[in-house]
Amino acid sequence: MNMEKILGLLYIIFGLLFVIYPIFSSALLSMIIGFSLVCFGLSSICMGIVFTEIPLYKYLAIILGIIAVIFGIMFMFFLNAVPFLVSLQFYIVGFLMILYGLIGVIYLDDKAYRIISAIGLILGILTVILAAFLASQPIVIAVIIGVLLIVEGASLIVIGRSKSLIDKYG
């Protein structure tokens, strides 16, 4: 059995866990992300203390480490990391789309480009609304992640080696 099929089977197993137990899997993933951030933050703080030759690197490493430890503790005990990170990503994309749409509507002269910018503005507003919805619904995000893992696992099992060849040779 090649690696793609083994990986596909693991994706399907993890996907089923996310779909069947969305709250537990989301909380477990949040704990893993939080623990990883705490470990990264502590190592970054240690690197900042050890490196004394470059003062800028020292201070940036310590500051980054402190921020990572704070977010790690928040993800472990107070916040669910999955909805927070997914909604944060949607907020960033939505606000960029709104900004791009506004600039296009205000400054572009061509009517077709203004219409495209207006559509981008509307889609940006919808993306921000979706981000607000996803931030309040951690179960929906966990189920979506589970379904995507199952689909990716099934495609790895079915396609297997040929997908690697397609990626390699185009």
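At what angle do helix α4 (residues 81-107) and helix α6 (residues 138-159) pack, and how far apart are their axes? In this predicted model, the two helices pack at an angle of about 85°, and their axes lie 9 Å apart. Since angles of 65 to 115 degrees count as roughly perpendicular, α4 is roughly perpendicular to α6. On the α4 side the contact involves V82, P83 and V86, which meet P138, I141 and I145 of α6. The residues of this contact divide into 6 nonpolar, no polar and no charged.

**Helix spans**

The table sets out the length of three helices beside the span expected at 1.5 Å a residue.

| Helix | Residues | End-to-end C-alpha distance | Expected span |
|---|---|---|---|
| α3 (residues 55-78) | 24 residues | 34 Å | 34 Å |
| α5 (residues 111-136) | 26 residues | 38 Å | 38 Å |
| α6 (residues 138-159) | 22 residues | 31 Å | 32 Å |

For α3 the distance between the end C-alpha atoms agrees with the expected span, and for α5 it likewise agrees. The reach of α6 is close to the expected value.

**Buried and exposed residues**

In α6, the buried residues are I141, A142, G146, G153 and L156. Viewed down the axis of α6, these buried residues fall within an arc of 135°, and they therefore line one face of the helix. L148, V151 and V158, on the other side of α6, are exposed. I141 thus appears both among the buried residues of α6 and in the contact with α4.

Helix α5 has as its buried residues S117, G120, L121, G124, T127, V128, A131 and L134. The elements that cover them include α4 and α6.

In α3, the buried residues are A61, G65, A68, V69, G72, F75 and M76. These pack against α2 and α4.

**The surroundings of S26**

S26 belongs to helix α2 (residues 22-50). Its relative accessible area is 2%; because buried means under 20%, S26 counts as buried. When neighbours within four places in sequence are left aside, S26 is in contact with N80, V82, P83 and A142. Of these partners, V82 and P83 also take part in the contact of α4 with α6, while A142 is one of the buried residues of α6.

Conventions:
Residues are numbered from 1 along each chain as its sequence is written. This is a predicted model: local features need pLDDT of at least 70, side-chain atom pairs count only at pLDDT 80 or more; totals for chains, interfaces and linings use all residues. Side-chain values use heavy atoms; hydrogens and water are left out. Axes are lines fitted to C-alpha atoms, for helices over the stretch in contact, and angles run from 0 to 180 degrees between N-to-C directions. Helices (H or I, at least four residues) and strands (E, at least two) are DSSP runs, numbered from the N terminus. Angles under 35 degrees count as roughly parallel, over 145 as roughly antiparallel, 65 to 115 as roughly perpendicular and the rest as oblique. Contact means heavy atoms within 4.5 Å. Ala, Val, Leu, Ile, Met, Phe, Trp, Tyr, Cys and Pro count as nonpolar, Asp, Glu, Lys and Arg as charged, and the others, Gly among them, as polar. The expected span of a helix is 1.5 Å times one less than its number of residues. Buried means under 20% relative accessible area, exposed over 50%, partly exposed in between (1.4 Å probe, protein chains only). The arc is that of the directions from the helix axis to the C-beta atoms.
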